[in-house]
Amino acid sequence: MRSLTFDELLAMLSAVALSADDLARLREWIAGIVNPAECIALIEQAAAGRPCPHCGCARKHRCGQASGLQRFRCLGCGHSHNALTGTPLARLRKKECWLPYLQCVLESRTVRDAARVTGVHRTTSFRWRHRFVPGAMRDRPQTLSAIVEADETYRLESQKGSRNLTRRPRKRGGVAKRRGINREHDCLLVARDRSGRTLDFHTGRGQVTVAQLHACLKPVLPADVLLISDSAIAYRDFAIQAGITHEAVNVKAGVRARGAIHVQNVNSWHSRFKSWLVRFRGVASRYLINYSGWQRVLDAGILTTPARLLCAAVQLG
Ligand SMILES: [Zn+2]
């Protein structure tokens, strides 16, 4: 059978009575068509002048093209690389779909929805989510400053998508076996300063410990910072050991704030995260940091276009 010409296709489409829903799908599809060269140009531009990702040497020469990207051979180590080597996007195909897919990331679409909009398979859509999101998450503040609020939120551990469960399955999402926070809960630690810069850490299972606070917070808090937390002892001990000024608000005793001493900014970040997460109907523990990073990027409102997300993802970590 000979394939349709564009004119025939258009004639057929014109003959169909399109519903509002059909029109919306058609518009979405057309909006998603981009020139693949645009994506390639953005990638090459974002990685221009980058040293060798294998050895850091700046001397290299061009050696052909592959998958639309310029290849380079390093004069230091002899290995070849392109603009995506060493990034989460290395070796992903279908670059013509990347910018529309990143638009879906910006719109927090589900895997299925993003697959439908960009015309890729559902498994590709899932794989891409966990490459593009970690890519965008590389846009992360190096340090926090002045007044920093820190608090954790706990989520029941989830093995969603795992073939081999390490415990008996729960029914309908389920509840913890014991009351309170314990080893069944994933801890997400969030620190946010008053300029809105935010850092998130998945510290593991159970209550956050002093050692975990050291590992996560010490490198990102300058010595002159004021750390505010709830009255959990781990924060107090961490602050004493790290030599950081610390104030605690006894939230459990009903104290919300003492003037500027409160954790309301970080707590509202947590509640925005929890309500945003509902659409995904449960996320696996091993991807929790991807979702909090995704929310962090959206919430910061800096990477607001697919092109900006792409450039963040192409940066070397
Ligand atoms: Zn090299």
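The zinc ion sits in a tetrahedral site, with angles of 100 to 114 degrees among its four donor atoms. Those donors are the SG atoms of C52, C55, C74 and C77, at 2.3 to 2.4 Å from the metal. Please keep in mind that this is a predicted model. Around the site is a protein of 317 residues, with eleven helices and ten strands in its secondary structure.

**The zinc site**

- Along the sequence, the donor residues follow the spacing C-x2-C-x18-C-x2-C.
- C55 and C77 are 22 residues apart, and this pair links distant parts of the chain.
- C55 lies in the loop between helix 3 (36–46) and strand 1 (60–66), while C77 lies in the loop between strand 2 (69–74) and strand 3 (80–81).
- Are these two cysteines buried or exposed? C55 falls in between and counts as partly exposed, because its relative accessibility is 41% and the class runs from 20% to 50%.
- C77 is partly exposed too, with a relative accessible area of 30%.

**L75, in the loop between strand 2 and strand 3**

- L75 is found in the loop between strand 2 and strand 3, and its relative accessibility of 42% makes it partly exposed.
- Which residues does L75 touch, once neighbours within four places in sequence are set aside? Its contacts are R59, K60 and H61.
- For H61, the C-alpha to C-alpha distance to L75 is 7.3 Å, with their positions 14 residues apart in sequence.

**Helix 4 and what follows**

- Helix 4 covers residues 98–106, and eight of its nine residues are buried, so the rest of the structure largely encloses it.
- The buried set is made up of W98, L99, P100, Y101, L102, C104, V105 and L106.
- After helix 4 comes S108, which has a positive phi near 50 degrees.

**Other positive phi values worth a look**

- K94 is found in the loop between strand 3 and helix 4, and its phi is near 55 degrees, a positive value in a residue other than glycine.
- At 40% relative accessibility, K94 counts as partly exposed.
- A146 also has a positive phi, near 60 degrees, and is likewise not a glycine.
- The place of A146 is the loop between helix 6 (122–136) and strand 4 (147–156).

**A buried glutamine in helix 10**

- Q295 belongs to helix 10, which spans residues 288–300.
- Why does Q295 count as buried? Its relative accessibility is 4%, and buried means under 20%, so Q295 meets the cut-off.
- Leaving out residues up to four places away in sequence, Q295 touches W269, R272, F273 and W276.

**The protein as a whole**

- Taken along the principal axes, the C-alpha atoms fill a box of roughly 75 × 55 × 45 Å.
- Of the 317 residues, 41% count as buried.
- How much of the contact map joins residues at least 24 apart? Among contacts between residues at least 6 apart in sequence, the share is 62%.
- The protein exposes about 17,900 Å², and carbon and sulfur atoms supply 54% of that area.
- For anyone setting up electrostatics, there are 50 positive and 24 negative side chains, and the centres of the two sets lie 7 Å apart.

Definitions and conventions. Residues numbered from 1 in each chain as written. Predicted model: local features only at pLDDT ≥ 70, side-chain atom pairs only at ≥ 80, totals over all residues. Heavy atoms only, no water. Helix = DSSP H or I, 4+ residues; strand = E, 2+ residues; numbered from the N terminus. Buried < 20%, exposed > 50% of the residue type's maximum accessible area, 1.4 Å probe, protein only. Contact = heavy atoms within 4.5 Å. Areas by Shrake-Rupley, 256 points an atom, 1.4 Å probe, with all protein chains shown as cover. Lys, Arg positive; Asp, Glu negative; His and termini not counted. Charge placed at Lys NZ, Arg CZ, Asp CG, Glu CD. Donors = N, O, S within 2.8 Å, 3.2 Å for Na, K, Ca; no water. Tetrahedral: all angles 85-135°; square planar, octahedral: opposite > 155°, others 65-115°.
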